[in-house]
Amino acid sequence: MKVIDHIQQAKSTLFSIEILPPLKGKSIQSIFDGIDPLMEFKPSFVDVTYHREEYIYKKREGGYLEKVSIRKRPGTVGICAAIINKYHVDTVPHIICGGFSREETENALIDLQFLGIDNVLALRGDSIKSEPEFVPEPNGHAYAIDLVKQLKQMNNGTYMENDLADVAPTNFCIGVAGYPEKHYEAPNMISDMKHLKAKIDAGAEYIVTQMFFDNAHYFEFVKKCKDAGIHVPIIPGLKIMTTRKQASALSKLFKIDIPQPLLEQIEKCKTDEQAKEVGIEWCIEQSKELIKANVPCLHYYTMGTSEVTRRVASKVF
Ligand code: FAD
């Protein structure tokens, strides 16, 4: 079932999660171990992130360095299929522009269609570490909107080879990312909002936000979206802080603000165990306030910490 149908049929705020594929070499059991404790809250859908290749230099005989492409977390599509098979719950694979040509994207989407997966979160992806800025693949997409357009074309039965006979249109529900505190590359919020609106106009049906720790950012963002003519559901993405280091690490990595009262509480903690308790309490309060505001769904970035997500969910669902 499509995410948009879950939202439209819901009588109250839904619960959903995002998981990361395990590191290469680990078994699918680590995914199941993460999902099992959360099934009692009946997630409407499970997002599975996509991780592109990275380049590393390996020292070879004779001392020369070989540039090697590695993918640390492969398996997004297989994990989605395994989750559907085991839990009969809908999945949302993330599809990114980075590392994909248009043809590879088309083939990946055909795989999803054959697996009966009818949701996709369409993203650009970040630049790889060796590149200062995002570089699209030759014949690939430069922005998420281009991916949305390709998806929409396939939904209308148009594939890249336009002389195909008797084509079966795909039927994807397309989600996109939004940034309550602005995407880090956007020169200002107005510009970021303009590009977000373009993704919706191109066919995206809902938005999932970057994590935020101050609900005021979300409420302000929703208002700005409405003012900009964006009327699709906006799903807040929440992360539970679990260590003392995360206050600065998350802020740096995701270019987001940590509210001063949360920072002060974290700074008082002597152990990560204490910081985790602060993080859980903070997220419970955030969740309760968002539910009160009738948000369509609470989407938790579990990042391998399903036990803390379970503790939050047990207090709010
Ligand atoms: P876009 O919408 O393409 O925007 C990127 C930047 O370009 C923005 O600053 C925007 O304002 C600007 N822009 C957009 N269109 C244009 C245009 N036509 N001309 C000029 N500027 C433009 N990354 C992964 O690698 N894998 C994942 O699984 C993943 N999951 C994510 C899930 C969520 C909910 C979120 C919020 C992010 C996720 N990311 C993931 C990270 C995401 O890929 C990065 O934040 C990336 O830098 C931007 O992606 P986007 O889809 O928002 O890009």
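Which element gives the largest share of the shell around the ligand? I looked this up first, in a model that is predicted. I found that H6 supplies the largest share, three residues.

**Entry: the ligand shell**

I listed the neighbours of the ligand. There are 24 residues around it. The closest are Tyr50, Asp126, Tyr179, Asp192 and Lys199. I then sorted the shell by residue type. I got 12 nonpolar, six polar and six charged residues.

**Entry: polar atoms at the ligand**

I checked distances to oxygen atoms of the ligand. Asp126 places a polar side-chain atom 2.6 Å from one such oxygen. For Tyr179, a polar side-chain atom lies 2.7 Å from a ligand oxygen. Ala186 uses its backbone instead: an N or O atom there lies 3.4 Å from an oxygen of the ligand.

Next I looked up the cover. Taken alone, the ligand exposes 980 Å². The protein buries 85% of that. I also noted which elements give two or more residues to the shell. They are strand E5 (90–96), strand E6 (119–123) and helix H6 (189–201).

**Entry: Thr309**

I moved on to a single residue. Thr309 sits in helix H11, which spans residues 306–316. Is Thr309 buried or exposed? Thr309 counts as buried because its relative accessible area is 1%, and the cut-off for buried is under 20%.

I followed its side chain. The side chain of Thr309 reaches the backbone oxygen of Thr305 at 3.2 Å. I then listed its contacts, leaving out residues up to four places away in sequence. Thr309 touches Phe15, Leu38, Ile240, Tyr300 and Thr302.

Note on methods:
Residues are numbered from 1 along each chain as its sequence is written. This is a predicted model: local features need pLDDT of at least 70, side-chain atom pairs count only at pLDDT 80 or more; totals for chains, interfaces and linings use all residues. Side-chain values use heavy atoms; hydrogens and water are left out. Helices (H or I, at least four residues) and strands (E, at least two) are DSSP runs, numbered from the N terminus. Buried means under 20% relative accessible area, exposed over 50%, partly exposed in between (1.4 Å probe, protein chains only). A polar contact is a pair of N or O atoms within 3.5 Å; within protein, one must be able to donate a hydrogen and the other to accept it, and residues adjacent in sequence count only if both atoms are side-chain atoms. Contact means heavy atoms within 4.5 Å. A residue is near a molecule or strand if one of its heavy atoms lies within 4 Å of it. Accessible areas come from the Shrake-Rupley method with a 1.4 Å probe; for residues, only the protein chains shown count as cover. Ala, Val, Leu, Ile, Met, Phe, Trp, Tyr, Cys and Pro count as nonpolar, Asp, Glu, Lys and Arg as charged, and the others, Gly among them, as polar.
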